[in-house]
Structures are given as structure tokens and as C-alpha cells.
Amino acid sequence: MPLNLADIFLVAVLVSAFKLMAYAELELGYGFWSYVLFVFCFIELLTLIDENELWQRQQPQFEPKTLHCGKSAKSQALKQCNVCGQLTSDTHCPRCYAKTHFRKPQANARALAWMVTALVLMIPANLLPIMNTVNLGQNTFATIFSGIVILWQDGSYPVAIIIFAASICIPIIKALALFYLLIETQRCKKVEQASKLYRWLEWMGKWSMIDVFVVIILVSLVQLGTVLTVEPQIGIVFFAVMVLCQMMSVHSFDPRILWDRLNPHE
Ligand SMILES: [Zn+2]
């Protein structure tokens with residue numbers, strides 16, 4: 001579930017609380033603890049839903065007669081539907097009518113294009129301010145990095161480390177990892193490790209959204225006129241679009257290509 005962001009939002013609420021503690025005394029109410037419970041129940045609920053079973057109930061999977069075990073579906077002229085998982089040789093899925101492909105079309109080129117776009121956006125996302133705090137009429141513009149420095153100076157070391165890892169380290173590591181995967185599709189030396197790396201990339205994608213949520217929470221919550229007001233700045237837009245481009249890049253990549261090149265004559 002790459003787009004289930006409830007857990008990320010929970011971390012963002014905690015980070016926002018730590019940031020606000022520099023200006024005001026805060027106490028976590030019953031609503032917060034109820035939200036923590038809701039997040040745990042919600043994530044558990046999502047893991048219990050089996051999409052394949054739901055599709056099977058709607059219409060059982062058509063089983064091709066001549067299916068050879070141990071051989072890829074592609075080598076048997078079969079395509080797997082991206083939406084419902086149905087195996088078919090038709091151009092459209094017989095179960096959900098989605099268009100079918102052997103592999104995601106132009107997977108490597110699309111993944112590369114999204115990631116290069118993300119790298120370009122990374123420059124304004126890190127250089128431009130993401131928010132402005134107006135405290136007693138005084139403006140304080142914060143970039144992603146200066147926000148981390150302020151948290152560190154206030155003594156919120158764990159929060160500063162989480163934001164540094166999520167907003168600065170992960171986007172850079174993700175870009176490097178995706179370039180490595182693209183090279184690996186040509187080289188095919190460590191396919192197993194590359195597949196594991198891809199699964200990690202898919203899971204990590206959403207964690208960079210923490211800072212975006214922090215700005216959204218602070219802007220909507222802290223509106224006390226000249227006493228204390230938080231305003232969003234253009235940097236956060238570049239940052240949010242950069243994270244989305246990285247998620248699109250990982251989504252466009254097709255890990256099956258790694259295995260195809262390993263057995264080209266299969
Ligand atoms: Zn389908």
C-alpha cells in the first residue's frame with residue numbers, strides 16, 4: 001500500500017508537536033492517543049485485505065491449459081494484468097478490461113525521466129525556504145536543512161535525526177539506488193540483491209512526505225496573528241513534487257526486466 005499515509009501523518013503530528021514546544025506548552029490530549037490506536041488498527045486492517053481473493057470472488061482466474069512451471073509467463077506468451085493479476089494472452093484483460101502488457105511500457109526510460117526530474121527539483125526544494133514563522137512580528141524563514149538545525153539546537157535530537165534521514169538522506173539514496181537498478185538491468189550480476197533493493201525503494205517512498213505534512217499541520221494549526229503564525233513557502237511545493245516524482249520513478253520501473261535479461265533464451 002504505497003499511498004497509505006496514515007502512519008507518516010502520525011509521525012508528522014509528533015514532529016509538529018516538538019516544533020511547537022519551542023513556542024508554547026503542549027499537552028497531548030485523548031484525541032491524539034485515539035488517533036494512534038486508529039492508525040494501528042487501520043494498518044492491520046489493510047494488511048488483512050487480500051486483493052487477489054476479492055478478484056477471485058468476482059470472477060475466478062482463467063487458467064491457461066499449457067502452463068509450464070518454472071518458466072516465465074512472458075516466455076509462454078502470457079501477460080499478467082497490472083490491475084487484477086489475471087494471466088492472459090489478449091491485448092485486454094478478460095476480467096477487468098484493463099490494457100495488458102508483457103512488461104510496463106518503456107519502464108527504464110520512464111523511471112530515468114522521473115528520477116532526473118526529481119533530481120532537478122531537489123535543488124530548489126533544498127535551497128528555497130519551506131515555511132515562514134511570524135513570531136511577535138518577526139519573520140523567520142526556514143529551509144529543510146535550517147529546520148533540522150533548529151530542532152537539533154532545541155535538543156530534539158531524535159526528531160532532528162528522523163527529519164534529516166527522511167528529507168535529505170532518503171531522496172539522495174533513492175536516486176542512487178534507482179540508477180543502480182537501471183545499470184543492473186543491463187549488467188545482470190546481482191539480480192537477487194537488486195530485487196530486494198527495489199522492494200525497499202517501494203516501501204521507503206512515502207517516508208519523505210513527513211516534512212510536507214509537518215508544514216500542512218503547522219500552517220493550518222498555528223494562526224495566531226502577529227503573535228505566532230506559520231506561512232507556507234514555495235520550497236515545500238518543489239519538495240512535495242520532488243517526492244512524488246521519485247515515487248513515480250520507482251512505480252514506473254519493472255523489476256521483472258532484471259530477471260528477463262538473466263534468462264534471455266528462456
Ligand atoms: Zn485485469
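This is a short tour of three helix pairs and one pocket in a predicted model.

**Stop one: α1 and α8**

Start by selecting residues 6–20, which form helix α1, together with residues 210–221, which form helix α8. Their axes come within 8 Å and cross at roughly 55°, so the two helices are oblique to each other. Look along the crossing and you will find that it is right-handed. Now show side chains. On the α1 side, display Ile-8, Phe-9, Val-11, Ala-12, Val-13, Val-15, Ser-16, Lys-19 and Leu-20; on the α8 side, their partners are Ile-210, Phe-213, Val-214, Ile-217, Leu-218 and Leu-221. Colour this contact by class and you get 13 nonpolar residues, one polar and one charged.

**Stop two: α4 against α6**

Next, select helix α4 (residues 107–127) and helix α6 (residues 157–187). Here the packing angle is about 155°, and the axes lie 11 Å apart. An angle over 145° counts as roughly antiparallel, which means that α4 is roughly antiparallel to α6. The crossing is left-handed. From α4, pick out Asn-108, Ala-111, Leu-112, Met-115, Leu-119, Met-122 and Asn-126. Facing them from α6 are residues including Ile-168, Pro-171, Ile-172, Lys-174, Ala-175 and Leu-178. By class, the contact of α4 with α6 holds 12 nonpolar, four polar and one charged residues.

**Stop three: α6 against α9**

Keep α6 on screen and add helix α9, residues 234–252. The axes of this pair come within 11 Å and cross at roughly 30°, so α6 and α9 are roughly parallel to each other. This crossing, too, is left-handed. Which residues of α6 make the contact with α9? Select Ser-167, Pro-171, Lys-174, Ala-175 and Leu-178, then add Phe-239, Met-242, Gln-246, Met-247, Ser-249 and Val-250 from α9. The contact divides into seven nonpolar, three polar and one charged residues.

While you are here, highlight Pro-171, Lys-174, Ala-175 and Leu-178 of α6: they take part in the contact with α4 and also in the contact with α9.

**Last stop: the largest pocket**

Switch on a surface and go to the largest pocket, which has a volume of about 890 Å³. To centre your view, select Asn-82, Val-83, Lys-104, Glu-202 and His-251, the closest to the pocket's centre among the 25 residues that line it. Which elements give two or more residues to the lining? They are α3 (51–58), α4, α7 (191–204) and α9, so keep α4 and α9 displayed from the earlier stops and add the other two. Colour the lining by class to finish: it divides into 12 nonpolar, six polar and seven charged residues.

Key
Residues are numbered from 1 along each chain as its sequence is written. This is a predicted model: local features need pLDDT of at least 70, side-chain atom pairs count only at pLDDT 80 or more; totals for chains, interfaces and linings use all residues. Side-chain values use heavy atoms; hydrogens and water are left out. Axes are lines fitted to C-alpha atoms, for helices over the stretch in contact, and angles run from 0 to 180 degrees between N-to-C directions. Helices (H or I, at least four residues) and strands (E, at least two) are DSSP runs, numbered from the N terminus. Angles under 35 degrees count as roughly parallel, over 145 as roughly antiparallel, 65 to 115 as roughly perpendicular and the rest as oblique. A crossing is left-handed if the near helix is turned anticlockwise from the far one by less than a right angle, and right-handed if clockwise. Contact means heavy atoms within 4.5 Å. Ala, Val, Leu, Ile, Met, Phe, Trp, Tyr, Cys and Pro count as nonpolar, Asp, Glu, Lys and Arg as charged, and the others, Gly among them, as polar. On a 1 Å grid over the protein atoms alone, a cavity is a set of points where a 1.4 Å probe fits but cannot get out, and a pocket is an open set with protein on both sides within 12 Å along at least five of seven lines; lining residues have an atom within 4 Å of a point. Grid points are joined across faces, edges and corners, and a volume is the space filled by probe spheres set on the points.
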